[in-house]
Amino acid sequence: MRFMMMVKGDKDYEAGLPSVPELIEAINKLSEDMTRAGVMLDNGGLMPSVTGARVRASQGKVSVTDGPFTETKELIGGYAIVEAGSRHEAIELGKQFMALHVSVLGD
């Protein structure tokens, strides 16, 4: 089964500041290991909402709203799509990614 893991952006992400190089290095290493193991299908960071657009369909019409989306409380800063045998296995993979954030960023 495929699962998507999402990492919430923070104020630095939304301001367009670069990620901490040590975190990027650790994520790249874990991603390479997971890809070799056959569980990582795709991953990446996303641009801040200021560069985005929201496309919606409502009441038979399509509308486009340009970013930034300051009203959004949980902007997605990055994602990973994994192939896991169960929800439990996917959660364990997600915990590995978040442990990197804790070890490098301390939160």
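The predictor's confidence in each residue is expressed as pLDDT, on a scale from 0 to 100. For this protein the mean pLDDT is 91, and 96% of the residues reach 70 or more. The structure is a predicted model, in which local features need pLDDT of at least 70 and side-chain atom pairs count only at pLDDT 80 or more, while totals for chains, interfaces and linings use all residues. Residues are numbered from 1 along each chain as its sequence is written, and side-chain values use heavy atoms, with hydrogens and water left out.

Helices (H or I, at least four residues) and strands (E, at least two) are DSSP runs numbered from the N terminus. Among these elements, strand 4 (residues 61-66) has the highest mean pLDDT, 95, and helix 1 the lowest, 84.

We turn next to the helix packing. The axes of helix 2 and helix 3, taken as lines fitted to C-alpha atoms over the stretch in contact, with angles from 0 to 180 degrees between N-to-C directions, come within 9 Å and cross at roughly 160°. Helix 2 is therefore roughly antiparallel to helix 3 (the term covers angles over 145 degrees).

The largest pocket is an open set of points on a 1 Å grid over the protein atoms alone, where a 1.4 Å probe fits, with protein on both sides within 12 Å along at least five of seven lines; lining residues have an atom within 4 Å of a point. Its lining comprises 37 residues, with Val7, Lys8, Ser19, Leu23 and His101 nearest the centre. Helix 3 gives the most to this lining, six residues.

Definitions and conventions
Angles under 35 degrees count as roughly parallel, over 145 as roughly antiparallel, 65 to 115 as roughly perpendicular and the rest as oblique.
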